[in-house]
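Open the model in your viewer and keep the sequence panel beside it. This tour says what to select next and what is there.

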Amino acid sequence: MIPIDSNMMIVRKQIPSEALAVVPIQVFVPASQTTTDTDFEPTPMLRIEGTTETHPAAEDAAALLMMARTATYVPKTDPGMPSFNLGLTDSSQEGASTQETEREKSPETASMLEQLDSLVQKLASSAAKGKDESSQIQRETGGESSAKFETPGGINRIPDDMKQKCYIWGTRLKEDADGNTDEYEEICTLIGQGEYILIRMHLASLQAKSDIESQIVSAICLILNQKNEKRFQEQIYCLPPDIVSMALSDHPRGEFISPKTKKEFRVEAYLSFIPFIDRKKLSSHPYIFAPVCHSGHWWLWLINTTKRKCQILDPLHKKAPSDERKDINKFTGYVFSRLITYAGGEPLQKGENEKKIKASYVKISGQKTSYDCGIYVMKWLELIEPENIKKEKYEWDNWPQEEVDHYRVEYASRILFSEMNKQRDRTIRESSAIRLSKPSSVLLSPFCQINSADIETG
């Protein structure tokens, strides 16, 4: 028998020669931890005995996470609220405890939770170095998961908890005593050909179950076009949707004569958006990816400027859902042709045929909700290979819903941490000011999937 004392935890470990073995994990708790309960307690030292494996099994971490989440779960009366929260507070409020964020814990429970917290962090850190990482934690992030940002302390990688903090800071709307919110606060300024300004209301559209604002899609287009990759430097140009969105507001049913202005579409009528178009790439790249939004729904045009061929990827439809949509498609095709011509390229069709441009729908698996079309379109901008479309069909392994939800967190950090954002230092500084309260930090382990619906922003 193995002696067991009050500072020992038991986990189960699979051994080839035996069905199950007991592995003692000795937890050395400093004296200060047994007498105080603050957010600044030293982390317990862990020593794993009786094992020769270098990397603990991910299943052990998952089991411990389930224990921690069960122990900290607080039932909510509102079924529309997330099932748990991250326990994020401003630094000025750190240490405060409410019934909504924390329940009363006995000293024994608090001690166990702290040990679980530290153990999972240890397991996560060790397992992350292994060669056989669980496929469940792999996320497709367009290569940005290892992006860097600069702080006074030097160059650092963006960890998952920083992305979560950034998401909270960027999408949370605050309300004052008079009921006014800070939705019009300028929160991001992207420097390209001009200054593209995002306000907090735009970022707030990345909250769970929200429709994406056009400015967010434009920001992603501007960022992708600046990436130092062959895909965006030589092959694909992502056309920001601002001019097309404004043109559709003037021609709401696809009329070529605007019922508002009584005029035809002219690029020159939208001078405030022209500076954000890269004319050289628009006229030279073989493919143009053009997001379109109408009546709250997003779809994507793929324009082959060499073959003068257009295709539509719609996250919701496999064909035009109405005659009105067909008219809108003809009008937007004309707008794209005029924009290419304005940039110095050849029109998609000549003469009157420019108003009869046809675009075939590509069959592709898409959204499962009524509000994720913008997320799909932004991700397609990064990933779709137009040459792989065969017979109006694109073989696509669709994402699970939790993956789509996670992209909302990713896009917030990619915009706010972008090197194009001149307010980037402010983002880093104010995001860092958000602190994690124990034991919720355990939820930020790479073994724990967290999506935007699991985050309370109130």
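**The lining of the largest cavity**

The lining of the largest cavity is made up of six nonpolar residues, five polar and one charged. Here Ala, Val, Leu, Ile, Met, Phe, Trp, Tyr, Cys and Pro count as nonpolar, Asp, Glu, Lys and Arg as charged, and the others, Gly among them, as polar. To see this lining, select L190, G192, Q193, G194, Y196, L222, N225, Q226, Y237, F276, D278 and M420. A cavity is a set of points, on a 1 Å grid over the protein atoms alone, where a 1.4 Å probe fits but cannot get out; lining residues have an atom within 4 Å of a point. The space inside is about 90 Å³. Such a volume is the space filled by probe spheres set on the points, with grid points joined across faces, edges and corners.

This is a predicted model, in which local features need pLDDT of at least 70 and side-chain atom pairs count only at pLDDT 80 or more, while totals for chains, interfaces and linings use all residues. Residues are numbered from 1 along each chain as its sequence is written, and side-chain values use heavy atoms, with hydrogens and water left out.

**The second cavity**

The structure holds two cavities of 30 Å³ or more. For the second largest, select I274, I277, R279, L282, L339, Y342 and A343. About 40 Å³ of space lies there. Its lining has six nonpolar residues, no polar ones and one charged. Which helices each supply at least two residues of this lining? They are α8 (279–284) and α9 (323–342). Helices (H or I, at least four residues) and strands (E, at least two) are DSSP runs, numbered from the N terminus.

**The five-stranded sheet**

Next, colour the strands in the order β9-β10-β11-β12-β13: they form an open sheet with mixed pairing. Its edge strands, each pairing on one side only, are β9 (236–238) and β13 (359–362). From one strand to the next the twist averages 30°. Two strands pair if DSSP finds at least two bridges between them. Strands of a sheet pair through backbone hydrogen bonds, either parallel or antiparallel.

Now show α9, which lies across β10, β11, β12 (309–313) and β13 and runs at about 50° to β11. Contact means heavy atoms within 4.5 Å. The angle is taken between N-to-C directions, from 0 to 180 degrees, with axes fitted to C-alpha atoms, for helices over the stretch in contact.

**Along β11**

Select β11 (residues 297–304), which is joined to β10 (residues 287–294) by eight bridges in the antiparallel sense. One bridge pair to label is C293 with W298 in β11. The hairpin of these strands has two residues between them, and S295 takes a positive phi near 55°.

On the other pairing, β11 and β12 run antiparallel over five bridges. L300 stands opposite L313 in β12. This hairpin has four residues between the strands, with R308 at a positive phi near 55°.

Buried or exposed: what are the residues of β11? Eight of its eight residues are buried (under 20% relative accessible area with a 1.4 Å probe, protein chains only; exposed is over 50%, partly exposed in between). Show the side chains: H297, W299, W301 and I303 point one way, and W298, L300, L302 and N304 the other. In a regular strand the side chains alternate between the two faces of the sheet.

Definitions and conventions: On a 1 Å grid over the protein atoms alone, a cavity is a set of points where a 1.4 Å probe fits but cannot get out, and a pocket is an open set with protein on both sides within 12 Å along at least five of seven lines; lining residues have an atom within 4 Å of a point.
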